[in-house]
Each structure stands twice: as C-alpha cells, then as structure tokens.
Amino acid sequence: MKQKTVMELADRKRVFICSPLRPRKGTPKEQKMELFRNMELASLACRYAVLHGCNPMAPHLLIPAFLDDTNPEERQIGIELGMDWLMDCDELWVIGDRISEGMQMEIDTALDSEIPVIRIGFVGDPIETLTSLVFDDEDDEDDDEEGLIYDGD
C-alpha cells in the first residue's frame, strides 16, 4: 500500500463494517471456531475497504477486547459505542448473507439516519473470496472482483 498524507486520509469515505460477531448456538468448540471466522471476515472486509480508498470502522473488532460480549450489560454498552461510531460514517457495508440481531440494529439505525446501506454478498465462501481479493495480485488494479455481489451504489 502506498503511504498517504494526513489530509488524504481525512478525505477517505468512512464505512461502517456490519458483519456478524456472536456465534450461533453450538458446542463451545464450534462457537470458538465461528467467532474466529467472524472476526476474520470483519478483518478482511476492513482490509478490502482500505484497499479501495475507504476508512473502515469495525467496532466489533475492538470493543470485545475490553468489554465482555457475553455479559448483557457490557454487550449493551458495546452496542451503544458501536452506534456512536456508525453516526460518523458515510456508508454502512453489510458483509455477507447472515444478518444477526446486532447487525439488524445497525442496519435499522443507518436507515433511520439516512446513512446509505450497501450490501456486499459473495458467490462461494466469503472468507476465501475476500482473502483472494485482498492478498492475491494486490498490484493488479484491473481485477474484476469476481465473487462479490454489490447491492447499492
């Protein structure tokens, strides 16, 4: 990635990365694996956004590092902090096909606040698709981004 000046970075579109964090039901091992995959998906979506000139906001990658998502009170504080981040964004990007309860709250808040909601779906596995887009042929700007499905501008 090329180095940018502070002014150039300030001009980047701020995009809120809306993707699942909490695992669905399953064994503790299955939940840990799903949590890891969900965090990997969010990280890849952030890298994708940066490579496309955006400034990604993904509170679900940071806030669980200091608040316990399994504690209802702390989870609510985390949701409120994330919503504050959302209010500073130009767009909300919905990553993938699964919409969790928390994601639906973010989508509804964005729509109520007239923040454009862009849905980014995938043909095939989303992690594999994003991994190939953000790590393979990074210097080739003519990639057609096969595997992505955009629903929005």
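Helices and strands are here runs of residues assigned by DSSP and numbered from the N terminus, and with these labels in hand the reader can follow the predicted model shown above. The protein chain contains six helices and five strands, and anyone who reads along its sequence meets them in the pattern α-β-α-β-α-α-β-α-β-α-β.

Before turning to single parts, it helps to look at the chain as a whole. Of its 153 residues, 37% are buried, while the chain exposes about 9,700 Å², of which carbon and sulfur atoms supply 51%. When contacts with a separation of 6 or more are considered, 68% of them are between residues 24 or more positions apart.

The interior can be approached through its nonpolar cores. The largest nonpolar core has 19 residues, and those with the most contacts inside it are V15, I17, Y48, W93, I95, I120 and L130. At least two residues of this core come from each of β1 (13-18), α2 (28-51), β3 (91-95), β4 (117-122) and α6 (126-135), with α2 giving the largest share, six residues. Apart from this core lies another, of 13 residues, which includes C18, M57, M83 and A110. To see the surroundings of one residue of the largest core, the reader may take I95, which, leaving aside neighbours within four places in sequence, is in contact with I17, C18, S19, P20, L41, A45, M103, I120 and F122.

From the cores we can move to an open space in the model. The second largest pocket holds about 470 Å³ of space, and among the 26 residues that line it, L21, D69, R75, I79 and G102 are the closest to its centre. The helices α3 (59-62), α4 (72-86) and α5 (101-112) each supply at least two residues of the lining of this pocket, and α4 provides the largest share, six residues. Sorted by class, the lining has 12 nonpolar, six polar and eight charged residues.

Three single residues may now be examined in turn, beginning with E34, which lies in helix α2. Is E34 buried or exposed? Since buried means under 20% relative accessible area, E34 counts as buried because its relative accessible area is 15%. Not counting residues up to four places away in sequence, E34 touches R22, P23, R24 and R98.

The next residue, M87, is located in the loop between α4 and β3. With a relative accessible area of 40%, M87 is partly exposed, and, when residues up to four places away in sequence are not counted, M87 touches T109, S113 and I115. The pair formed by M87 and I115 shows how sequence and space can be read side by side, for these residues are 28 residues apart in sequence and 8.3 Å apart in space, C-alpha to C-alpha.

The last of the three, E114, is found in the loop between α5 and β4. Here the backbone deserves attention: most residues other than glycine have a negative phi. In E114, however, phi is near 60 degrees, a positive value in a residue other than glycine. As for the surface, exposed means over 50% relative accessible area, and E114 is therefore exposed, with a value of 73%.

Notes. Residues numbered from 1 in each chain as written. Predicted model: local features only at pLDDT ≥ 70, side-chain atom pairs only at ≥ 80, totals over all residues. Heavy atoms only, no water. 1 Å grid on protein atoms, 1.4 Å probe; cavity = no way out; pocket = protein on both sides within 12 Å on 5 of 7 lines; lining within 4 Å. Points joined across faces, edges and corners; volume = space filled by probe spheres on them. Helix = DSSP H or I, 4+ residues; strand = E, 2+ residues; numbered from the N terminus. Nonpolar A, V, L, I, M, F, W, Y, C, P; charged D, E, K, R; others polar. Buried < 20%, exposed > 50% of the residue type's maximum accessible area, 1.4 Å probe, protein only. Contact = heavy atoms within 4.5 Å. Areas by Shrake-Rupley, 256 points an atom, 1.4 Å probe, with all protein chains shown as cover. Core = buried A, V, L, I, M, F, W, Y, C linked by side-chain atoms within 4.5 Å.
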